[in-house]
Amino acid sequence: PAGDKHHIDSRKGPTTEVVQLLALLESAYATKAHVSAVWLPPTSRQRDGTALWRDWEFSCFSQCGDDGVLYRIFGILGWGHRRSVEIGYFPHEANSVNLLVNANFTGLLLDGNTDPLIAQSWYASVPGYLKIVHDNHQLPQKEWTFQEPTEADLRASCAPYCLKSCYNVNCYQGSKMAREPFMTRSLVTLTNIQSLIDTPFATQGVSVRGPRGLDYFSIDIDGMDYFLLDSLLSNGYAPRVVATEYAAHLGMELALTRPYSPTFAAAATSFQYGASLLAFVKLLRRHEYRFIGCVEWNAYFVRNDELSSSADKSAAFPEPSLQTCFYQDYDSRMTEVLRRRKACTVEWEEVEVDPGKTPRPWLTLKSLLLDSLVVPTKSGRQP
C-alpha cells in the first residue's frame, strides 16, 4: 500500500527492481484469478470514507497513485491491445507513462504546452538522447534547453547512467519500453481532435475507433475536457478505461463546465477551468460507462460491457458514491471554499440535464454554488 507516499522508487525512473516487481504483479493477476482475494472490491480505510483505492495505489510516474490503480484495473479486465491516448501530460509524470514504459503500451501523448524537445529527450534511446543534448549545446548557451548535463558531465566514463541530471527514461537501465510513444504538440479542439488521434496510429495500420481500438484514454488539460471527451465518445471511439481530472472545488451536486471555446485558456491558480465530477459521471453514463471511483482528483470509468461479461469483474468494480471522492478534513474543505469563490467570478454552464428540463441560468447556478458553501471550523478538523 502506498499510504501517503505513493512513489515506490525515489527517482523518476524505472529501476530494475521496480520493473521486476511490476512484471510479478502483472503475472500474479494472470495466474491467480482463481483466488477470491483478487476480486475484492475497493474499501476505504479513511474516517470520511474517501480514498477507496488507497490499498492498490502506487506511483512510478503518475502524480498520485494512478499507476497502481491502472495495474489493478487491467490486471482484472485484461490488457487488451495495450493502446493508450493521453491528452495533457508532462513527459515523466502522467497517467499513461508507466503503461508505455513498463507495460508495453503503444501510446499517443498530446499537449499544447509541453516542449517537444523535452518530451523527445525523455523517451529517446540513449544514443538518441545524447544526440539531442549535444545538438542543443551547439546553440548559444542562453538558448539551451538542457543546461545539465554539461558536456563535461557527458565525458564521464559512466555517463549518462550515473548522472542525476540525465533526463531520459533509459538512464535508469531498468526500462523495458519497446518503442517511443507518438508525441504531438498542438492545441486540441473539437475541430482537430479526431485527426490528431487517428493519424499517428494510422501509420501502423491501426484504427483506434470502436470497442477494440483504445484500452486507455486520459484527459487533463484544464480546459474543454468535457466537450472533447463527449466528442470522442460520440464519434466512434470507445476506450475500455477512461480517466479524467475533475474540478473538485465545484462539489458533487451540479453538472457544470466552462462554456466551450476553441481558444480557451485559464491560469492554473484561477480554478476557472474543467468540469465537475457529476458532469463527467453523467456524460460517461450516457455513453455506457460505469464510474468506479477516484484517485485524488482523477475520476475512473470502465465501459459497461467490460464488466457485464463477468460477475466477478463487475463485483470488483462497484459504482461508489460521489462523496467518496471528496475529503472532509478541515484543510480539504477550506481549500474547496477558497477555490470555489475564485471559480464563481466567471460563468459556468449546466450540462447533462434531465430530459424535459433546460439548463439553469448562471446566476441561479452561482447562488447554488455559493449558498451551499460551509466554511469549516478547526474544531471539526480530523486527525
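The exercises below work through a sheet, one of its strands and the helices that pack around them.

The model is predicted, so local features need pLDDT of at least 70 and side-chain atom pairs count only at pLDDT 80 or more, while totals for chains, interfaces and linings use all residues. Residues are numbered from 1 along each chain as its sequence is written, and side-chain values use heavy atoms, with hydrogens and water left out.

**Exercise 1. Work out which strands stand at the edges of the open sheet of seven strands.**

Helices (H or I, at least four residues) and strands (E, at least two) are DSSP runs, numbered from the N terminus, and two strands pair if DSSP finds at least two bridges between them. Begin with the order, which is E3-E2-E1-E4-E5-E8-E7, with mixed pairing. E3 and E7 (289-295) therefore stand at the edges, since each has a single partner strand and one side left without a neighbour in the sheet. For E3, that pairing is with E2, to which four bridges join it in the parallel sense; Leu-110, for example, has Thr-184 in E3 as its bridge partner.

**Exercise 2. Decide how far strand E5 (residues 241-245) is enclosed.**

Buried means under 20% relative accessible area, exposed over 50% and partly exposed in between, with a 1.4 Å probe and protein chains only. Val-241, Ala-243 and Glu-245 point one way from E5, Val-242 and Thr-244 point the other way, and all are buried. In general, side chains in a regular strand alternate between the two faces of the sheet. Because five of its five residues are buried, E5 is largely enclosed by the rest of the structure.

**Exercise 3. Find where the buried residues of helix H7 (residues 193-202) lie on the helix.**

The residues to place are Ile-193, Leu-196, Ile-197, Pro-200 and Phe-201. Seen down the axis of H7, they fall within an arc of 110° (taken from the directions from the helix axis to the C-beta atoms), so they line one face of the helix. Among the elements that cover them, by contact (heavy atoms within 4.5 Å), are strand E1 (83-87) and helix H8 (225-233).

**Exercise 4. Describe how H8 and helix H9 (residues 277-286) pack.**

Axes are lines fitted to C-alpha atoms, for helices over the stretch in contact, and angles run from 0 to 180 degrees between N-to-C directions. The two helices pack at about 5°, with their axes 11 Å apart. Angles under 35 degrees count as roughly parallel, over 145 as roughly antiparallel, 65 to 115 as roughly perpendicular and the rest as oblique, and H8 and H9 are therefore roughly parallel to each other. The residues that meet include Leu-229 in H8 and Phe-280 in H9.
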